[in-house]
Every structure is written in structure tokens, then in C-alpha cells.
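Let's take a walk through a protein model together. Have the sequence and the 3D view open, and we'll go one stop at a time.

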Amino acid sequence: MIELEDVSHSYGGAELLSGISLRLQPGSFHFLTGPSGAGKTTLLKLCYAELRPTRGRVRLFGAELAGMDRDAVARTRRRIGVVHQDCQFLDHLPLAENVSLPLLVAGRDVAAEAGNLRELLAWVGLQAQTEALPPQLSGGERQRAALARAVIMDPDVILADEPTGNVDWEMSLRILQLLIELNRMGKAILVATHDLNLIRAAKAQVAARVLRIKGQQLQQAGAEL
Ligand SMILES: Nc1ncnc2c1ncn2[C@@H]1O[C@H](COP(=O)(O)OP(=O)(O)OP(=O)(O)O)[C@@H](O)[C@H]1O
Ligand SMILES: [Mg+2]
């Protein structure tokens, strides 16, 4: 569904990522690790066409990114749910409105989907916080809200950037469980994380592949996990 072929990226200076190939297929589960600054967030941005590569090819659902205009990119992105590293909420809007914002942007009838929204917020355990403003939420609540917003359009692929970055172990496992449930529904999942314990916990339940960015390249991480 998302394919990177020999992709490189530089923000102007030296290449941060070099010759990267990656295929996210339906039902796959990947982790992406690597030290801070290695380029995990950058690689995710290449996967959802927030960035275009400086070299190489990106194919999204069979279409070449190079041949897509802004509208085509915007339409394609609706099939990709992103959990941003910093959540990126609009702080003046209540949680329920933040989560349903992608529907509004896509021109869908938000009122008609109120039932779905309620169900989704219950699934992430935030049914009591629907009217809260984002600054009033805890770290774990924010992360679950970000996950709900990422899946409200029923995407085929979910890219989660440190989705357990600011939460305790119990909450990390809960968020992992939600991602595993989405994967069991057939969605492709890619999770950038530093947390090796989280990866171990996932591997006990799903056939997750672990990738690592090292020296600008993407490697399969292996036996040490
Ligand atoms: N828009 C940008 N312009 C210039 N440099 C950038 C930009 N975004 C990121 N970088 C640089 O690219 C490098 C990789 O950043 P990136 O956010 O992809 O790393 P990361 O692996 O996600 O790190 P972390 O684990 O801290 O989230 C960093 O050195 C960063 O400063
Ligand atoms: Mg990052």
C-alpha cells in the first residue's frame, strides 16, 4: 500500500536518509527504531507524503507520488491515519471536535457520524472526556485521542510516531493493544518507538517486523529483541 524504493532525503545539507526501501502491505505490523535524530519522523513523513524524497520513488496505493498533484495527495492521505509525535490538537476545540476534524476537512457530514464518533471515543476509553479541551487531558488521554483522530476516517494504514512517548507502562500496553486490534482488522501499522519493551510485548502477540535506522540506512533489527 505504501512503497518506498531507493528513497533518499536531505533537508538541504547531507543526506539524512539514504537508499531506503520499504513496503507496507495490508495486515503488516512494523516497528521503526533508531536514536533520536536518526530520521524516524522524517521517514514517516515520506510515507504519508508530507515530504517528497530528494531521490527515489514513493508509491501510495499503486500511484506514483511524483505524478500526483496536491489534491491527489490530499485524497490519498485520507487512507493513511497519522498519530503525530506531539499529537497536534487545536487547544480551543473540545476533544470530540478535534477527533472529528478529519471528517469535517474531508467534507463529510459530521452530525451523521456522531454514532461512529461516540463508539470510537468509547473504544479508546475517552467517553467521559468528549467535552474536555486538549490542555485538560493527561498524556495518556492525549495519546488515545490522537489515535482516535488517526482512525476516524477508517484508514488502511496507520503511522504512529512515538504513540507511547509520554505515558507509563500500563498505558503503553493499552495503546499497543489498540494498535494490535487495528492490525487484526487488516490495517497496516508502522510504529516509531524507542521503547524496546513495547516491541517485545508486541512480538508476543503479532508477527511484527522491527526496522532500525542506522547510518542513514534502514536495517532489519533482529535477534537482540
Ligand atoms: N524541517 C526540517 N528542516 C531541517 N532539518 C530537519 C527538519 N526536520 C527534522 N530535521 C532534522 O533531521 C534530523 C532527523 O529528525 P527526525 O525528527 O526525523 O528524527 P527522529 O528520529 O524522529 O528523532 P526523535 O527520536 O527525537 O523523534 C534531525 O537532526 C532534525 O534536526
Ligand atoms: Mg521523531
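Before the first stop, a quick bit of vocabulary: a helix axis is a line fitted to C-alpha atoms over the stretch in contact, and the angle between two axes is taken between their N-to-C directions, from 0 to 180 degrees. Keep in mind, too, that this is a predicted model.

Now find helix α5, residues 139-151, and helix α6, residues 169-184. Their axes come within 10 Å and cross at roughly 10°. Angles under 35 degrees count as roughly parallel, so α5 is roughly parallel to α6.

Which residues of α5 and α6 meet? On the α5 side you'll find Gly140, Gln143, Arg144, Leu147 and Val151. Across from them, α6 brings in Met171, Arg174, Ile175, Leu178, Leu179 and Leu182. Sorted by class, this contact of α5 with α6 has seven nonpolar, two polar and two charged residues.

Next, head over to ligand 1. What surrounds it? The ring of neighbours runs through Tyr11, Leu16, Pro35, Ser36, Gly37, Ala38, Gly39, Lys40, Thr41, Thr42, Gln85 and His194. By class, that shell splits into four nonpolar, seven polar and one charged.

Zoom in on a few atom pairs here. A polar side-chain atom of Thr42 sits 2.6 Å from an oxygen atom of ligand 1. With Gly39, a backbone N or O atom is the partner, 2.9 Å from an oxygen atom of the ligand. Tyr11 uses an N or O atom of its side chain, 3.4 Å from a nitrogen atom of ligand 1. As for cover, ligand 1 on its own has 640 Å² of accessible area, and the protein covers 57% of that.

Technical notes
Residues are numbered from 1 along each chain as its sequence is written. Chains are lettered from A and ligands numbered from 1 in the order in which they are written. This is a predicted model: local features need pLDDT of at least 70, side-chain atom pairs count only at pLDDT 80 or more; totals for chains, interfaces and linings use all residues. Side-chain values use heavy atoms; hydrogens and water are left out. A residue is near a molecule or strand if one of its heavy atoms lies within 4 Å of it. A polar contact is a pair of N or O atoms within 3.5 Å; within protein, one must be able to donate a hydrogen and the other to accept it, and residues adjacent in sequence count only if both atoms are side-chain atoms. Accessible areas come from the Shrake-Rupley method with a 1.4 Å probe; for residues, only the protein chains shown count as cover. Ala, Val, Leu, Ile, Met, Phe, Trp, Tyr, Cys and Pro count as nonpolar, Asp, Glu, Lys and Arg as charged, and the others, Gly among them, as polar. Helices (H or I, at least four residues) and strands (E, at least two) are DSSP runs, numbered from the N terminus. Angles under 35 degrees count as roughly parallel, over 145 as roughly antiparallel, 65 to 115 as roughly perpendicular and the rest as oblique. Contact means heavy atoms within 4.5 Å.
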